[in-house]
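Visitor: I would like to learn how to read a few side-chain features in a model like this one. Could you take me through them one at a time?

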Amino acid sequence: MSWLVFLPHRVALAAVSCPGSSRGFGMFYAVRRGRMTGIFLTWNECKAKVDQFPAARFKKFATEDEAWTFVRKSASPEVSEGQENQHGKESQTKASKRLREPLDGDGDESTEPYAKYMKLSMEPGPPVSRDTFSYMGDFVVVYTDGCCSSNGRRRPRAGICVYWGLGHPLNVGIRLPGRQTNQRAEIHAACKAIEQAKAQNISKLVLYTDSMFTINGITNCVQSWKENGWKTSAGKEVINKEHFMALERLTQGMDIQWMHVPGHLGFIGNEETDRLAREGAKQSKD
């Protein structure tokens with residue numbers, strides 16, 4: 001049996017709007033260059049990572065997908081005025097000028113019709129000795145990730161990964177079936193991990209993901225969506241409704257601690273899931 005010690009990133013769910021809700025109720029602050037890169041849920045958190053940092057690059061978005069795209073893409077030569085804040089330029093102005101909160105990103109939410117939920121076709125895997133898992137107390141630890149190159153554009157390729165530990169027989173990195181989007185991949189990866197856990201008679205799970213979209217949806221929004229006929233507070237269809245319904249069904253009878261881990265900060269589990277998900281995205285679709 002192996003034991004891991006974690007310093008999990010704080011999950012501030014109250015600061016985030018439910019996925020699929022109308023814009024403006026919660027924002028994602030993306031830092032591509034600063035003291036710490038990643039996605040933050042409040043302007044104060046973002047500001048602390050970029051204030052007085054030379055040539056900091058950061059931006060505010062209404063959706064997590066757009067924010068992660070901004071963080072992960074390589075620096076572009078030029079960005080239109082008002083789209084990206086560069087604190088290095090601001091620091092050259094009067095010292096009394098305060099760092100301002102960035103403008104909203106311009107990306108629109110997808111209006112593509114919702115695809116029917118594609119049932120998980122991957123086998124959960126053979127029985128595995130419980131001594132091969134990592135634990136936090138009596139909770140088994142797992143990492144999940146989803147990725148999608150060219151997300152929202154032509155010829156997207158999405159992959160998912162479930163990571164139980166180095167060389168673990170249940171690790172998977174495969175192509176996402178069905179519609180290729182980052183959000184579908186993130187939810188699908190979590191579904192796969194829970195499906196595998198149930199097949200191993202694991203009922204207590206610590207699930208690490210860098211997707212606040214998934215965490216907030218399943219922990220903070222699903223109940224209200226169900227009570228509202230799977231509609232948002234604005235009366236619109238929940239984005240990725242079928243997939244959240246599937247995820248919610250899988251969580252029944254499970255004790256799951258949803259943990260957010262910032263991406264690309266050296267957490268080995270997160271780095272491995274990112275690598276394996278990208279490998280999965282390169283595979284051909286069934």
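**Charged pairs and their neighbours**

Guide: Let's start with one residue: at 29% relative accessibility, Glu237 counts as partly exposed. Keep in mind as we go that the model is predicted.

Visitor: Which side chains meet Glu237 in a salt bridge?

Guide: The general idea comes first. Side chains of opposite charge can pair when their charged atoms come close. Here, Lys231 meets Glu237 in a salt bridge with an N to O distance of 2.8 Å. Lys241 also forms a salt bridge with Glu237, at 3.8 Å from N to O. Lys231 is partly exposed, with a relative accessibility of 29%.

Visitor: How many salt bridges does the structure hold?

Guide: There are eight salt bridges. Another of them joins the side chains of Arg275 and Glu279, with 2.9 Å between N and O.

Visitor: How are Arg275 and Glu279 placed in helix 7?

Guide: Arg275 and Glu279 are separated by about one helical turn, because they are four residues apart in helix 7. Arg275 is partly exposed at 37% relative accessibility, and Glu279 is partly exposed at 39%. Back at the earlier group, shared partners join Lys231, Glu237 and Lys241 into one salt-bridge network.

Visitor: What comes after helix 7?

Guide: Helix 7 covers 268–281, and Lys282 is found in the segment after it. Lys282 is exposed, with a relative accessible area of 67%. Look also at Arg175: its C-alpha atom is separated from that of Lys282 by 7.1 Å, although the two residues are 107 apart along the chain.

**Aromatic rings**

Visitor: Now the rings, please. How should I describe a pair of them?

Guide: A pair of aromatic rings is described by the distance of the centres and the angle of the planes. This structure holds eight aromatic pairs. One of them is Trp43 with Phe58, a tilted pair at 6.0 Å centre to centre and 35° between the planes. This pair links distant parts of the chain, with Trp43 in helix 1 (residues 43–50) and Phe58 in strand 4 (residues 57–61), 15 residues apart.

Visitor: Are Trp43 and Phe58 buried or exposed?

Guide: Both Trp43 and Phe58 are buried. Next, take Trp225 and Trp230, which form a tilted pair with 6.1 Å between the centres and 40° between the planes. Trp225 and Trp230 are buried too.

Visitor: Which residues form an aromatic cluster with Trp225 and Trp230?

Guide: Phe213 and Phe244 do, so to read the cluster you take Phe213, Trp225, Trp230 and Phe244 as one group.

Visitor: What lies over the face of Phe70?

Guide: That is Arg32, at 4.2 Å from the ring centre of Phe70.

**Cysteines**

Visitor: How many disulfides does the structure hold?

Guide: A disulfide is a covalent bond between the sulfur atoms of two cysteines. The structure holds zero disulfides.

Visitor: Why is there no bond between Cys147 and Cys148?

Guide: The sulfur of Cys148 is the closest cysteine sulfur to that of Cys147, but the two are 7.3 Å apart, which is too far for a bond. The cut-off in this step is 2.5 Å between the sulfur atoms.

Visitor: Are Cys147 and Cys191 buried or exposed?

Guide: Cys147 is buried, with a relative accessible area of 4%. Cys191 is buried as well, at 0%.

**Backbone angles**

Visitor: Let's finish with the backbone. What should I look for in phi?

Guide: Most residues other than glycine have a negative phi, and most peptide bonds are trans. Against that background, Arg155 has a positive phi of about 55° although it is not a glycine.

Visitor: Where is Arg155 found?

Guide: Arg155 is in the loop between strand 7 (139–149) and strand 8 (157–163). Arg155 is exposed, with a relative accessible area of 69%.

Visitor: What is the phi of Asn201, and where is its place?

Guide: Asn201, also a residue other than glycine, has a positive phi near 60°. Its place is in the loop between helix 4 (182–199) and strand 10 (204–209). Asn201 counts as exposed, at 66% relative accessibility.

Terms used:
Residues numbered from 1 in each chain as written. Predicted model: local features only at pLDDT ≥ 70, side-chain atom pairs only at ≥ 80, totals over all residues. Heavy atoms only, no water. Helix = DSSP H or I, 4+ residues; strand = E, 2+ residues; numbered from the N terminus. Buried < 20%, exposed > 50% of the residue type's maximum accessible area, 1.4 Å probe, protein only. Phe/Tyr/Trp six-rings, centres within 6.5 Å; stacked < 30°, edge-to-face > 60°. Lys NZ or Arg CZ within 6 Å of the ring centre and 35° of its normal. Salt bridge = Lys/Arg side-chain N within 4 Å of Asp/Glu carboxyl O.
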